[in-house]
Every structure is written in structure tokens, then in C-alpha cells.
Protein chains: 2
Amino acid sequence: MPRKATSQDVADLAGVSRSAVSLVLNGRGAGNIAPDKQALIMEAARSLGYTPNAVALSLRSRRSSSIGVVTDATATTAFGGLLLRGASDVALAAGHLLLVIDTRNDPQREARAYETLQNRQVDGFLFAAMSLRPYDVPPALRGASSALVNCYAPDDSLPAYLPDEVAGSRSVTRHLIERGHRDIVMLTGTSDLVASGLREQGFREAMDAAGLPAAAPVTVGWEIDKGYAGAMRVLTPSQRPTAIVCANDHVAVGVMLAAAQLGMSVPGDVSVVGYDDDENVAPCLVPPLTTVRLPHREIGALAMGAVLSSVLDDAPALAGAPKVTPRTLVDCPLVVRDSVAPPSR
Amino acid sequence: MPRKATSQDVADLAGVSRSAVSLVLNGRGAGNIAPDKQALIMEAARSLGYTPNAVALSLRSRRSSSIGVVTDATATTAFGGLLLRGASDVALAAGHLLLVIDTRNDPQREARAYETLQNRQVDGFLFAAMSLRPYDVPPALRGASSALVNCYAPDDSLPAYLPDEVAGSRSVTRHLIERGHRDIVMLTGTSDLVASGLREQGFREAMDAAGLPAAAPVTVGWEIDKGYAGAMRVLTPSQRPTAIVCANDHVAVGVMLAAAQLGMSVPGDVSVVGYDDDENVAPCLVPPLTTVRLPHREIGALAMGAVLSSVLDDAPALAGAPKVTPRTLVDCPLVVRDSVAPPSR
DNA sequence: CTGAAAGCGCTTACAG
DNA sequence: CTGAAAGCGCTTACAG
């Protein structure tokens, strides 16, 4: 395997100095280098397949064109993948690469991750949380170009991008109400995740706005079997609701399974809505599930955009003034499919 | 934000030369540097929080302690996340970081990805395919330390790590047979993925080995609704099977939904098995699904191990001899849960 | 208009 | 036992 060509190789072939090569290849040849030499250099570079060594560039410029991404545990999930994809696309378009480290929620690993990344001279940081929560910002992020995803600094010292859970839940509940439902129950997630409370709040707001009494959500959890158990509890012949708002799409699967076993049809006998819009679940369910889309990809992209623009500004990161940055709530759009119908009674 | 300390800073503080600092910090002080100076240097490094600049190290050593990972589209899926996690853990343990680029199956993006990664001076490459397939190895991988995941070079010029689909499918079918089933139908995936054919083969082998006639698999696809439709077709009152082998876990969900609507219980009236062991599906289904685990994490880890050991050897990559490396078939273990019972008739 | 020099931060022969 | 020098590949002032 021949060693990759260096600017020296190009200079030798073109019969000029390395400086000339650098100038021309970086578009600063005009007015500095004779036109014929420019052509010579371009030709030499092309024939050698020259492309500058990124490591040398980094050492000189003290920037690496890479962004450090630290995550909770996000990297493992499909949603995390989407988030990373959004971030990666934006970074790549700006010529940056991502250095991703998953801390598994271990503070030691996290500390080491930031140190490793700093040694790699990353230009900025992204921290992405697995599930919505406050994040105690470590010093490494303070002075740097950085942003938070799916979490926020309690003092808002860093830009944060979050899904608007309350609004999402509100809109899907309102959708149910508009279709005529009055007797709606919510199967909610575990209370350790703040998303649960937020989605409950949205549910309640929509019910209140319609002047409907909102029954207390019944806590089930996040998995299929939890939804199944919840539905079995709630779908009693005596006083069953006409619609069920689920903690997420998986819970909705459990509800549909239970409904089927109880001989009830969805949406004929009971309407069901989910949350997440998991691409392997919601659109493929029978019937396809009306749900709310969690904009993971957009959030990742937005946050990376913030990091990158801060990298370009550069200066502001060094300014000592404690800045307050906004939390950006990103829309969770309602995705209407076929699991909702007007109530049958 | 104070600039990070350099070895020069340490040298100044300790009153020695940079060479001495380097020697001592790299454990080659003994016999070279006076003990008291060593102590001085150690202390200075600690107090400054010195840690060497990885970029400078890379430029000098011509290695970057990073591995380029190029994927199909893998990065987006939960399974891809697991694969990456396995690879990342192994890399991190060896002090390497991953530079991941998702090509979205676009040849142009792929070519650019390899070039970008080469400029970053990665020490090796991993290519991971979304779904099992042959992979036409690009030149960038040939001379380098590299390995393939979930795909293979037709000429076996690169080490490849693949799930043993045939054996996995065989073992889950055999499990059904051992529990007394003779009338088993397979709901298979689309024929564009080689995994379908492999799983069909395993199914047939198990049936043959038991001297049972294997009905032709019915092609359905990979999603919940496809499984639902397939089950509706197959679970006719007249001649229904006692067990169904599904293309994957999602298909099994569809089958369970259909069975419930038909008033059939799983596993009472019909046994169901999946493939993948999707952690958000299989263990949470009602009943929990007996399935086969796709060892994505192990495959990622194994392949990264291969790349890393090749990086350490170094030399072999440069040897011109066209080498033939093995395809490693990684075990897909049977995961027994509660969706299988002896046939009721 | 062009080349020689300095320097990004590090390590490794090489003199002394 | 220790410091000065060279060099990894690049770009940017700086002389000429």
C-alpha cells in the first residue's frame, strides 16, 4: 500500500514549494502564484490524489473538525440512533465527524469520556440523554461550544433541545375529544421518568379545556405486557372508556392484544392512541396506530446546528459572562392513522 | 478557559526538558532519569492535570487510536445500536474511539466516507451491513486492518462475522418438534434478504432431520401487519398448524394479534416462535415469546477485536499476499419463554 | 510573485 | 544521566 501523498509530494512533482501548494489548494493562489504554476499544482495534486492530512491540519489549527457526543445509554436504542443520525447528518454536512461515547449512566465513565474527548481536541460537545431529564452540567461543557439534547441545565447555561411532550399529549387527547370521546382513560408510564408527568399534564390540559372530567391516569409502565395488564384492568364490561391514551406505542400494542382477547375491536369498540411513532410498530399495527411522533432526528439536528454555529463564532465560548440560553421545545406532531373512530355509545 | 497544559508546561514547572517529561510519563524513566527528577516531573504533571494531546501524538505516530466504522444504514436501528455498542466497548477498552459514518446505502457517500476516514488517519476499518449480504470490498479496506460485520467478502479476503441464521432457525424448529409439534408452518420474510433463505433452510433441515414433511414457507415480510395477514391466511379452521415459526419477532406480534382476534390462545391453541429477540418485544409479549437471539453485540465486539489485533500486528496488512480469512458464524442462541406448549391435538 | 522559516505538541534517536 | 535536535504534515506570516 503506497503511503498517501503529502503536500511535499505535490510540491516536488509540480516543482514548487509547499507554501505554494498550500496557497493554491486553499484557493488563495490568485494574485499570489503565477497562473501557470497554479495549473501545474492543481494537476499534480489531482494526479497524486492528494488530500490534506486531517491530523496535521488539526495540530496546526487546534481544531479537529470533530464533535464529541456523550450519551447516557442512548446509543443503543432505535430512538437514539435517530437522534445520532440527525446530529451526524448536520455535522457531516459541515465537514465534521462525531466521536460518540456511551457512558451507561456511570459518572466515572462520563468523566473519562469528557477527558478523552478533550484530548482529542474536539471542537464542541453534545450531551444526549436517554430520557428527558435535568442534567448537571460538568465543567468540560461550560467553556466549550456545546448543547444538550433531551435534557436541560437547571440554570439554563447551555442551549437545550427537548420534545414538547405536554403539547404532544395535549394534541392527541384533543384529537380524541374532537372525534367525540368523553370517557377517556390514560395508561401512563412509570413516575421515575419525567416524560410520564408531562404527558399526563397534556392529557389533563386537553380534558380541562374541553370541560371534561379527567380520570386519574392509571400507571402501567412502558412495555407491551404493561399495556396488556392495564387494558385488562380498565376494559371492564361495567364501566369501560371509549378511548385509551397510551404511555407509548408499545403499551398500545398490549392494549390491542388485550382488546382482541376480550373480543373488542379497535377502533370499533375502543379507540387507542400511542406516543413515539416507533417506525417498526405504529405504522404496522393492525389497525395502524394514531400516535404522536417524537422528533428525535430533528432534535439531534437542531442541537448539532447550535454546537456548530457556536464553534464558528468561537469567541462567545470564551466570554466569561454567565449566559442564559433558551430551552427549545420541539413540536411532537400528531400522526393520524386508523386506530381512532367516534365512540360507539 | 485556561489552555490545556502541554508537556512543555510540565517541563518548565519541573525544571527539566520536554524529553525528560516524555520519558518519565511513558514509563521509561528508570535508568534514564534521576529518581528525584522523576518525582518532580510526576508531581508537576499531576498538579497541572497534564494529559498528552492526542492529536500531536497521532501526527507523530501516524496512528490515531481511532477506528473508522462505515455502515449501511445500521446506525439507525436498535440492532445497529447494539452492534455499535459491542464494537465501541471493545475499542474503548483498547483506548480507541470510533468514527462512525452512515452511508445510507449510497455508493457516493460510501466512497467519500472511506476517503474522509483515511484522511483522519484511522488505524482500521469496520464495515457493518444492515442486513446479511455479500459485500464488494473497496480498495480502502484491502490494505488496511479491517473486518466485516453482518456481511462477507465474496472472495473471503477480509475476516467476516455473521450470525448463524441457519443454525438458529434449525434449533428453534427442533425445539417445536421436541415439544411434540409435527404440523408446523413457517411465515418467512421477503426474498430480497438473504436471511429469509437461510432461516427457511434451517427450518427445512430440522423438519427433514425429524422425518417430517415441511410445508413450503409462506412469504409474508417483516412487520407486524404482515404477520397478522399471514396468520389470518394460515389459521383456517380446516387445516391449521399447531405451531408457527415467524420471520422475526414483529411478525410474531402480528400472529398473536390475529390469534387473539380468532379466539385462539397462544400457546394453548397454537404455539408461536420468533427471531431476533428484540428486547422491547420478545420478553414483553403476552405470553413472553420463545425466540432466537441475534447476537449483534457479540458480532460487533468480535469484529472490532479482529480489527484491533490486526492493528497491533500491523505488518500483516502490508504483506502483499492475498490472504484468505475465515467467515465466523456466531451462534444465535435459542431463548425459551412461554409461547410454546405441546400441541392440543 | 515565491521560497525558507516557524510552530502546532509530541517522542525518539543522538550527542554530550 | 540529560538536553538539543529532528521530524510527523500542515499553514501562515515573513523575507527577498
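**View 1. Helices of both chains line the surface near DNA strand C.** In this predicted model, chain A brings in helix H2 (18-25) and helix H4 (54-61), while chain B offers helix H1 (7-14), helix H2 (18-25) and helix H4 (54-61). Each of those helices gives at least two residues to the surface. Altogether, 26 residues surround the strand, and the closest are Ser19(A), Ala34(A), Thr6(B), Ser22(B) and Ala56(B). Sorted by class, you get 10 nonpolar, 11 polar and five charged residues here.

**View 2. Now for the surroundings of DNA strand D.** This strand has 26 residues around it, with Thr6(A), Ser22(A), Ala56(A), Ser19(B) and Ala34(B) the closest. Two or more residues apiece come from helix H1 (7-14), H2 and H4 of chain A, plus H2 and H4 of chain B. The class count near DNA strand D reads 10 nonpolar, 11 polar and five charged.

**View 3. Here chain A meets chain B.** Each side puts in its share: 48 residues from chain A and 48 residues from chain B. On the chain A side, H4, helix H5 (78-93), strand E2 (97-102), helix H6 (107-119), helix H10 (224-234) and helix H11 (249-261) each chip in at least two residues. That side of chain A is made up of 24 nonpolar, 17 polar and seven charged residues.

**View 4. A look into the largest nonpolar core, at Val149(A).** The core holds 185 residues, and Leu126(A), Val149(A), Leu126(B) and Val149(B) touch the most other members. Setting aside neighbours within four places in sequence, Val149(A) has contacts including Leu83(A), Leu126(A), Phe127(A), Tyr161(A) and Ile299(A).

Technical notes:
Residues numbered from 1 in each chain as written. Chains lettered and ligands numbered in written order. Predicted model: local features only at pLDDT ≥ 70, side-chain atom pairs only at ≥ 80, totals over all residues. Near = placed C-beta within 6 Å. Helix = DSSP H or I, 4+ residues; strand = E, 2+ residues; numbered from the N terminus. Nonpolar A, V, L, I, M, F, W, Y, C, P; charged D, E, K, R; others polar. Core = buried A, V, L, I, M, F, W, Y, C linked by C-beta atoms within 7 Å. Buried ≥ 20, exposed ≤ 12 C-beta atoms within 10 Å, placed from the backbone. Contact = placed C-beta atoms within 7 Å.
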